[in-house]
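Grab a pencil and open the viewer. Below are some short exercises, each followed by a solution you can check step by step.

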Amino acid sequence: MKIKVINKSKHALPNYETELSAGMDIRANISEPIVLESLERTLVKTGLFIELPKGFEAQVRPRSGLALKKGITCLNSPGTIDADYRGEIGVILVNLSKETFVIEDGERIAQLVIAKHERAEWEIAETLSETDRGEGGFGSTGVK
């Protein structure tokens, strides 16, 4: 599948690092480093603008290495970029560690996953089908 992209960043386009990768790393495109204190959040621009086909979305997801090693993750995760959005891709990062984190220009800050989706139509009903689980939620299927 081909996706139109405008790259106004100083960096190469995101790419898949391995044959079976689902996500592409996206990079910060900033003029100066951003200092992110403990529990602070910020919007980091990427310089990327995309045009997705109808029926697709781009999901912005955290990078596992940043989350594990530095406590940096994405809020609103996964963030959804709709097919009709034409603005710059931005990533909301939060520092969940106790240490200050400095975001540098070109740093890999998140992953972008392109995913197909369906549109639903509501069907008004008075009852729903029975299942073994029923109304159990929030850990109800685990071992007790």
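**Exercise 1. A patch on the surface**

Which residues make a nonpolar surface patch of about 230 Å²?

Before you start, keep in mind that this is a predicted model.

Step 1. Look for Leu 43, Leu 75 and Ile 92, which make the patch.
Step 2. Pick out Ile 92 and find its element: strand β9, residues 90-95.
Step 3. Check how much of Ile 92 is open. Its relative accessible area is 34%, so Ile 92 is partly exposed.

**Exercise 2. Inside the largest nonpolar core**

Find the residues of the largest nonpolar core that touch the most other members, and the elements that supply this core.

Step 1. The core has 23 residues, and the ones touching the most other members are Val 44, Ile 81, Val 91, Leu 93, Ile 103 and Ile 109.
Step 2. Now go by element. Two or more residues each come from β3 (34-36), β5 (48-51), β6 (56-61), β7 (72-74), β9, β10 (101-103) and β11 (108-116).
Step 3. The top giver is β11, with three residues.
Step 4. Zoom in on Ile 81. Leaving out residues up to four places away in sequence, Ile 81 touches Ile 50, Leu 52, Glu 57, Ala 58, Val 60, Ile 89 and Leu 112.

**Exercise 3. Hunting salt bridges**

How many salt bridges does a search of the whole structure find? Work through them one by one.

Step 1. Here's the idea to start from: side chains of opposite charge can pair when their charged atoms come close.
Step 2. The search finds three salt bridges.
Step 3. Take Lys 10 and Asp 105, whose side chains meet at 3.4 Å, N to O. Lys 10 sits in the loop between β1 and β2, while Asp 105 sits in the loop between β10 and β11, 95 residues apart, so this pair links distant parts of the chain. Lys 10 has 55% relative accessibility and counts as exposed, whereas Asp 105, at 32%, counts as partly exposed.
Step 4. Next, Arg 63 pairs with Asp 25, and their closest N and O atoms are 3.5 Å apart. Arg 63 is in the loop between β6 and α1 (64-70) and Asp 25 is in strand β2, so the pair ties together parts 38 residues apart in sequence. Are these two buried or exposed? Both Arg 63 and Asp 25 are buried.
Step 5. Asp 25 also meets the side chain of Arg 108 in a salt bridge, at 2.8 Å, N to O. This pair links distant parts of the chain, with Asp 25 in strand β2 and Arg 108 in strand β11, 83 residues apart.
Step 6. Compare the two partners with the cut-offs. Asp 25 counts as buried because its relative accessibility is 15%, and buried means under 20%. Arg 108 has 31% and counts as partly exposed.
Step 7. Put the shared partners together: Asp 25, Arg 63 and Arg 108 are joined by salt bridges into one network.

**Exercise 4. Backbone oddities**

Which peptide bond is cis, and where is its proline? Then look at two residues with a positive phi.

Step 1. The bond from Ser 77 to Pro 78 is cis, with omega near -5 degrees.
Step 2. Pro 78 is placed in the loop between β7 and β8 (79-81).
Step 3. Asn 76 lies in the loop between β7 and β8 too. Asn 76 isn't a glycine, yet its phi is positive, about 55 degrees. With a relative accessible area of 59%, Asn 76 is exposed.
Step 4. Move to Leu 39, in the loop between β3 and β4 (41-45). Leu 39 has a positive phi of about 70 degrees, and it's not a glycine either. Its relative accessible area is 61%, so Leu 39 is exposed.

**Exercise 5. Sequence versus space**

How many residues apart in sequence, and how many Å apart in space, are Leu 20 and Arg 86? Do the sums for Lys 69 and Asp 82 as well.

Step 1. Measuring C-alpha to C-alpha in your viewer, look for 28 Å between Leu 20 and Arg 86, which are 66 residues apart in sequence.
Step 2. Place Leu 20: it's in the loop between β1 (4-7) and β2 (24-27). At 79% relative accessibility, Leu 20 counts as exposed.
Step 3. Lys 69 and Asp 82 are 13 residues apart in sequence and 30 Å apart in space, C-alpha to C-alpha.
Step 4. Place Lys 69 in helix α1. Lys 69 is exposed because its relative accessible area is 68%, and exposed means over 50%.

Conventions
Residues are numbered from 1 along each chain as its sequence is written. This is a predicted model: local features need pLDDT of at least 70, side-chain atom pairs count only at pLDDT 80 or more; totals for chains, interfaces and linings use all residues. Side-chain values use heavy atoms; hydrogens and water are left out. Patches are made of residues with over 30% relative accessible area and no salt bridge: like charges are joined within 9 Å, nonpolar side chains (Val, Leu, Ile, Met, Phe, Trp, Tyr) within 5 Å. Accessible areas come from the Shrake-Rupley method with a 1.4 Å probe; for residues, only the protein chains shown count as cover. A salt bridge is a side-chain nitrogen of Lys or Arg within 4 Å of a carboxyl oxygen of Asp or Glu. Helices (H or I, at least four residues) and strands (E, at least two) are DSSP runs, numbered from the N terminus. Buried means under 20% relative accessible area, exposed over 50%, partly exposed in between (1.4 Å probe, protein chains only). A nonpolar core is a set of buried Ala, Val, Leu, Ile, Met, Phe, Trp, Tyr and Cys residues joined through side-chain atoms within 4.5 Å. Contact means heavy atoms within 4.5 Å.
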